[in-house]
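Q: Could you take one part of this chain and look at it closely, step by step, and then show how that part sits in the rest of the model? I am in my first year, so please go slowly.

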Amino acid sequence: MNLKDKVILITGAGSGLGKALAIAAGQAGAKVICAARRKERIQQTAEEVTKAGGVGTAVEMDVTDGKSVEKAVTQAEKEVGSIQILINNAGIITGMKAVQDLPVEEWDRIMATNVRGPYLLIRAILPGMIQRGFGRIVNISAPIKHLPKASAYCASKCALDSLTKAVSYELKGVDVLINAVEPPFLDTEMHKGGKKPEEVVAQILELAIAEAGAPGGRVVKIAQ
Ligand SMILES: NC(=O)c1ccc[n+]([C@@H]2O[C@H](COP(=O)([O-])OP(=O)(O)OC[C@H]3O[C@@H](n4cnc5c(N)ncnc54)[C@H](OP(=O)(O)O)[C@@H]3O)[C@@H](O)[C@H]2O)c1
């Protein structure tokens with residue numbers, strides 16, 4: 001299986017890893033729906049996807065907001081076609097604080113982006129995948145699971161891993177696979193230093209085109 005003409009939605013595609021994934025998918029000939037809040041950023045990525053040989057489309061989406069997700073998915077599927085691959089990449093980490101110093105609103109924002117977001121996207125897109133008998137979902141987790149002063153981020157990524165495994169058990173007997181990936185530290189807006197996102201995209205996209213019968217529910221680590 002390859003990405004040629006596949007319809008793939010990537011959240012957080014305006015920067016960092018999401019942008020690199022979108023362009024790499026474009027180079028492989030995919031139809032890439034680039035979703036995030038900052039319009040200019042996703043438009044820029046969509047243009048680069050098209051220049052790279054794919055078809056790029058930008059849709060504004062706030063992954064924390066159910067109505068925004070539903071609206072963007074409906075619009076994208078109307079314009080581009082049924083979504084076959086979903087990469088839940090959008091994520092945030094905010095200031096390093098001990099748990100008692102972390103404002104409740106900050107906890108909520110991190111959990112809403114990193115866990116509620118992927119859940120809302122899966123909820124919006126999975127029924128179509130099941131109905132059509134094909135789908136691939138890749139959730140971008142993180143190697144950080146127990147870091148002091150990053151409790152909300154760590155809890156959110158552990159929750160994302162659990163969501164991945166639990167949903168995979170619901171998908172027995174249908175060619176829809178859901179897996180998670182732990183990329184290494186990456187040099188992006190979120191984190192300074194580490195690998196370039198372009199260095200890890202091939203391994204992530206491999207899961208997005210995994211053949212029927214490949215395992216689901218995995219949390220795949222990419223070496224630093
Ligand atoms: N950088 C690392 O070292 C590292 C390591 C392991 C895993 N990761 C994971 O990799 C993923 C990508 O991170 P990155 O390093 O590429 O960081 P990044 O450049 O900051 O990208 C994060 C993207 O998420 C989008 N986003 C944030 N909140 C959103 C919302 N409410 N709705 C829609 N989109 C939203 C942002 O776009 P808008 O602001 O335009 O919405 C942004 O483009 C994250 O899940 C992160 O946890 C990163």
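**Two paired strands and the helix before them**

A: In this predicted model, a good place to begin is the pairing of strand E2, residues 31-36, with strand E3, residues 55-60, which run in the parallel sense and are joined over 6 bridges. To get from E2 to E3 the chain passes through helix H2, residues 39-51, and this β-α-β crossover is right-handed. One position in the pairing can be picked out by eye, since Ala36 stands opposite Glu60 in E3. As you follow either strand, keep a general rule in mind: in a regular strand the side chains alternate between the two faces of the sheet.

The part that deserves the closest look is helix H1, which covers residues 16-27. H1 has 12 residues and reaches 17 Å from its first C-alpha to its last, which is close to the 16 Å expected at 1.5 Å a residue. Next, consider how much of this helix is covered: 10 of its 12 residues are buried, so H1 is largely enclosed by the rest of the structure. The buried residues are Leu17, Gly18, Lys19, Ala20, Leu21, Ala22, Ile23, Ala24, Ala25 and Gly26, and you may notice that Lys19 is on this list. A general rule helps in reading such a list, because an α-helix has 3.6 residues a turn, so residues three or four places apart point the same way. Just after H1 comes Gly29, with a positive phi of about 90 degrees.

H1 also has a part in the surroundings of the ligand, which 30 residues surround in total. The closest of these are Gly12, Gly16, Arg37, Arg38 and Gly91. The largest share of this shell, 3 residues, comes from H1. By residue type, the shell around the ligand divides into 12 nonpolar, 13 polar and 5 charged residues.

Two residues elsewhere in the chain have a positive phi without being glycine, and each can be placed with care. Asp5 has a phi of about 65 degrees and lies in the segment before strand E1, residues 7-11. With 13 other C-beta atoms within 10 Å, Asp5 is partly exposed. Lys149, whose phi is near 65 degrees, is found in the loop between strand E5, residues 135-140, and helix H5, residues 151-169. Lys149 has 13 C-beta neighbours inside 10 Å and so counts as partly exposed.

For a view from farther along the chain, turn to Ala214, in the loop between helix H6, residues 201-208, and strand E7, residues 219-221. Ala214 is partly exposed, with 15 other C-beta atoms within 10 Å, whereas Gly26 of H1 is buried. These two residues are 188 apart along the chain, and their C-alpha atoms are separated by 24 Å.

Stepping back to the whole chain, you can count 6 helices and 7 strands, and from the N terminus on they run β-α-β-α-β-α-β-α-β-α-β-α-β. A compact globule of 224 residues would have a radius of gyration near 17 Å, and the chain has 16 Å, which agrees. Its C-alpha atoms fill a box of roughly 50 × 40 × 35 Å, taken along the principal axes. Of the 224 residues, 43% count as buried, and with that figure for the chain in mind you can return to H1, where 10 of the 12 residues are buried.

Methods
Residues numbered from 1 in each chain as written. Predicted model: local features only at pLDDT ≥ 70, side-chain atom pairs only at ≥ 80, totals over all residues. Helix = DSSP H or I, 4+ residues; strand = E, 2+ residues; numbered from the N terminus. Expected span 1.5 Å × (residues − 1). Buried ≥ 20, exposed ≤ 12 C-beta atoms within 10 Å, placed from the backbone. Near = placed C-beta within 6 Å. Nonpolar A, V, L, I, M, F, W, Y, C, P; charged D, E, K, R; others polar. Pairing = 2+ DSSP bridges. Right-handed = clockwise from strand over helix to strand, strands pointing away. Rg over C-alpha atoms; globule rule 2.2 N^0.38 Å.
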